[in-house]
Every structure is written in C-alpha cells, then in structure tokens.
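This report describes selected features of one protein model. The sequence and structure are shown first, and the discussion follows.

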Amino acid sequence: MSVSSTVEACLRDAGVTYEVVRHPHSFTSAQAAEAAHIPGDRLAKTIMLEDEQGYVGAVVPSTHHLRLSKLWKQTGRHLVLAKESELRNVFPDCEVGAIPAVCTAYGVQTLMDESLTTVPDIYFEAGDHEALVHLSTDQFMRLMEQAEKGHFSHRSSGGEQL
C-alpha cells in the first residue's frame, strides 16, 4: 500500500518536500522506529481518542506517554482511547493501527504536542505498517497548521505507551 491516497493528496496540496522511508513490517511505533533506524523521538505517533463530540487525534513523539489529564484540561473534553476497530471508517485508506499524523486530512480534529517542534526532522506513518513519511520539522509544521498545539505528553521510561 505505501502512502495512503489521502496522505499523498495532503502532502501534494501543501507543497511540502518529503521522502518515503520503507521498512520491514512493524506493529508498534517503537518497532517502526527501530526497523527504519530512526530515533524514536523523531517519529510522531497518533493516538486516537474520542468522546461524545467525536474523534480527536493526539500526535506525540513515539517515545512519550500521553497525559490525558493535561489533554482534558486543555480541551475541556473527557477524551478516552478510541476503539481501533471503529477507526476503519474514519481512515478508510489506512491499515488498522497505522494512523498518519495528518488527521486533519481526514476531517479529524488534531492536537499536537509541542515537543515535536524541538527535533530537526519528523517521520510519521504513511498509512501502512511498512512506510513512513519523512520531512523537515518546518515542513511538518506546515502540515500541522490547523492542529491545536500544547504540552500533554512526557518522555516515557521505556516500552510502548499511550
């Protein structure tokens, strides 16, 4: 599959310069970073949350924990982890568990942790478990213009985290 058609259109429409990095099949963001030989803090993972108002994508470095209490305070919403099986309709051209950071391209509200602004370049899921989109942080910020920014994650001490 490689890059989903929605992500491809988003990248093209934004006029950003990027590359696609292929890697062996992975199931988690930590595995993807390892397989692609990239630092985990440069891989933006998307955690899908929901409440009665709908879905929200929280984009954080793959090495971070999501702090739901900070997110609740920032948004005024009591968001909980979305069920992966329900997301197939929201991201129809993506494999389950390979949600791209550009959720706004799918009409989903996006929140981005500001810790992603401190790295020189960023990778994110292209829509499958074998490809990442790689671009400079400046180019990534162009893609994330509509995302609400905040501090709602912290570096984990190890292992895959929310």
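## Ser26 and its surroundings

In which loop is Ser26 found? The model, which is predicted, places Ser26 in the loop between strand 1 (19-22) and helix 2 (29-36). Ser26 counts as buried because its relative accessible area is 2%, and the cut-off for that class is under 20%.

Leaving aside residues up to four places away in sequence, Ser26 touches Gln31, Ala32 and His129.

## The annotated domain

According to the UniProt record, an unreviewed entry, residues 23-143 are covered by the annotation "domain: YbaK/aminoacyl-tRNA synthetase-associated". Such annotations may be inferred rather than shown by experiment. In the model, the span of residues 23-143 is 19% helix and 31% strand, and its end C-alpha atoms lie 23 Å apart.

## Cysteines without disulfides

How many disulfides does the structure hold? The number is zero. Cys10 is in no disulfide, and the nearest cysteine sulfur, that of Cys103, is 10 Å away. Cys10 is nevertheless buried, with a relative accessibility of 17%.

Why is Cys94 not bonded to Cys103? The closest cysteine sulfur to that of Cys94 belongs to Cys103 and is 9.1 Å away, so the separation is too far for a bond. A disulfide would require the two sulfur atoms to be within 2.5 Å. Cys94 is buried as well, its relative accessible area being 5%.

## The internal cavity

Cys94 also takes part in the lining of the largest cavity, together with Glu84, Leu87, Arg88, Phe91, Glu95, Val96, Gly97 and Ile99. The count of cavities of 30 Å³ or more comes to one, and the largest cavity holds about 40 Å³ of space.

What is the character of the residues of this lining, by the division into nonpolar, polar and charged? Five are nonpolar, one is polar and three are charged. The charged residues are Glu84, Arg88 and Glu95, while Gly97 is counted as polar.

## The backbone at His37

His37 lies in the loop between helix 2 and strand 2 (43-51). Is the side of the chain at His37 buried or exposed? His37 counts as exposed, because its relative accessibility is 73% and the exposed class begins over 50%.

The phi angle of His37 is near 60°, a positive value in a residue other than glycine. Most residues other than glycine have a negative phi.

Methods. Residues are numbered from 1 along each chain as its sequence is written. This is a predicted model: local features need pLDDT of at least 70, side-chain atom pairs count only at pLDDT 80 or more; totals for chains, interfaces and linings use all residues. Side-chain values use heavy atoms; hydrogens and water are left out. Buried means under 20% relative accessible area, exposed over 50%, partly exposed in between (1.4 Å probe, protein chains only). On a 1 Å grid over the protein atoms alone, a cavity is a set of points where a 1.4 Å probe fits but cannot get out, and a pocket is an open set with protein on both sides within 12 Å along at least five of seven lines; lining residues have an atom within 4 Å of a point. Grid points are joined across faces, edges and corners, and a volume is the space filled by probe spheres set on the points. Helices (H or I, at least four residues) and strands (E, at least two) are DSSP runs, numbered from the N terminus. Contact means heavy atoms within 4.5 Å.
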